[in-house]
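Hi,

Here is the structure I promised to pass on to you. Please have a look at it first, and then read my notes underneath.

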Amino acid sequence: YLMELPNRRMITESHNAFTRVLCDENVNILFAPASYSWRRLDSTSAFLLPVDSLRLHKKLYFHEIDNTTHLANDNPYARALQQYAHKRMANEQQTVAYSRRESALAMMPGQGYWWFDMFAGWYDDDHLMDELARIRDVTRRFWQDDMRSASEVAVFVDQESNYHVAIETCVNECLVKNQAEALGRMGAPWDCYVADDLSHPDLPDDYKLYIFLNLFKPSEKIQNQIRHLREQGKSLLFLYAPGYIADNGFSQMAMQALTGLPLVRLDTADSASGQAGSDKAAPEQSAAQIKTQLSGQELVYGFTAAVAPLFTIAADDTAGIDVLGQYAGHAQPALVLRRRGDAYDAWSGAGPVPGAVLRELARQAGVFIYSETDDPTWANQSLFGLYAHLGGQRTICFPKDVVLEDVYQDGTLIPSVGKTVVLECQDDEMRLFRVLSGQ
């Protein structure tokens, strides 16, 4: 569960060797439950693992839709699950909306899904079974469609770095698990890989923005590939302490070499760049909160508990750097960007970075934005999906003229006007469309 577990459970429960599974020729299919954290109807749904690495290694994945249904609310075992992992569904409409959202998440990367009747009786209703059969039948229509990715954003989660982080910190929770939910609100699709796959020969080369969630101890191979991406004119976003852990100890110079930015420890920010400070955290280093107006409104985000050390930009080396956010209470740069022609190197000193901020960073990298709202959106070469928790009108943009075939409304056709489509959404409605050429 590389995308879900806190640092303590990641290591002690042996979830940190995903690459070994990917490279094992005896393993062909993996099953995993839907993310336990993001099942609420006001959330996004998510995977427990970097699902696009599975496709890269030609593995099949089945997404387990195992949340309690409205029919199980009186079951004592179901009520126990609802205390910590499963989310209570009040009625059939909510159960169906949730099932449509989880299945759409699995459809987009061309993977499978199934429903798990954990204690029996969760689906004992003819009308509910008809609705699930409808989802299945919709999915069958796509078997011959082009399920290739349409993502221009690639996200990487590192395994090696997990061995070098104190197990009782909130680092993994904020930078990986919570960041996945925020990425789902970016308004553009994104693919997720384990960091070892950055140098995989079959990794698509048409991504415009590369995001590194927890790359604290990159291998030499990963460092070389990042240099190659920079030479190719790709935009790069790093979180928290990229490259800080070198083979011979902590190194600000290694951070600077990896990111192309003059990163220094916050407690040594006034000293010359390139020199590692002491390991003792500054007294003021508490839960890092970052203020930014990059999205057009002031947003505050950051770690949920104290994390040390923190980092900033060297005061004597800020030429060409755009400061997009500062630590609250420190007024030190905490979200920065340095342009390289049409691309950039960017860094955030904490996470999770909000979806609205990611949307602006993606836009500046040349990524196409489908939605300007925080609604979860999905897209591949043949499908587009949007989940609306609150009803209302949504304006969706496409890179070309299209006609949308509404698969849950009897194939109703909706043509784009000026490459945009206006949707009327109900509360908790999963909209799923086949994208047809508008020409």
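Below is what turned up on the nonpolar cores, the main pocket and one arginine. Please keep in mind that this is a predicted model.

Let me start with the interior. The largest nonpolar core is made up of 120 residues, and F212 and F303 have the most contacts inside it. Helix α7, which spans residues 171-183, gives the most to this core, with 7 residues. If you centre your view on F212, you will find that F212 touches F156, L198, I226, L229, L236, L237, F238 and L239, leaving aside residues up to four places away in sequence. Another core, of 15 residues, lies apart from the largest one, and its members include A379, I396, V421 and L423.

Next, the pocket. The largest one has a volume of about 410 Å³. Its lining consists of 20 residues, with S149, D191, P204, D206 and Y207 lying nearest the centre. Two elements, α3 (51-56) and β5 (191-194), each give two or more residues to that lining, and α3 gives the most, with 3. By character, the lining residues divide into 9 nonpolar, 3 polar and 8 charged.

Finally, do look at R185, in the loop between α7 and β5. R185 counts as buried because its relative accessible area is 17%, under the 20% cut-off. Its side chain makes a polar contact with the side chain of E181, at 2.9 Å. Farther along the sequence than four places, R185 touches residues including D42, S43, T44, G355 and R359, as well as T373, D374, D375 and P376.

Best wishes

Methods
Residues numbered from 1 in each chain as written. Predicted model: local features only at pLDDT ≥ 70, side-chain atom pairs only at ≥ 80, totals over all residues. Heavy atoms only, no water. Core = buried A, V, L, I, M, F, W, Y, C linked by side-chain atoms within 4.5 Å. Buried < 20%, exposed > 50% of the residue type's maximum accessible area, 1.4 Å probe, protein only. Helix = DSSP H or I, 4+ residues; strand = E, 2+ residues; numbered from the N terminus. Contact = heavy atoms within 4.5 Å. 1 Å grid on protein atoms, 1.4 Å probe; cavity = no way out; pocket = protein on both sides within 12 Å on 5 of 7 lines; lining within 4 Å. Points joined across faces, edges and corners; volume = space filled by probe spheres on them. Nonpolar A, V, L, I, M, F, W, Y, C, P; charged D, E, K, R; others polar. Polar contact = N/O pair within 3.5 Å; in protein donor to acceptor, adjacent residues only side chain to side chain.
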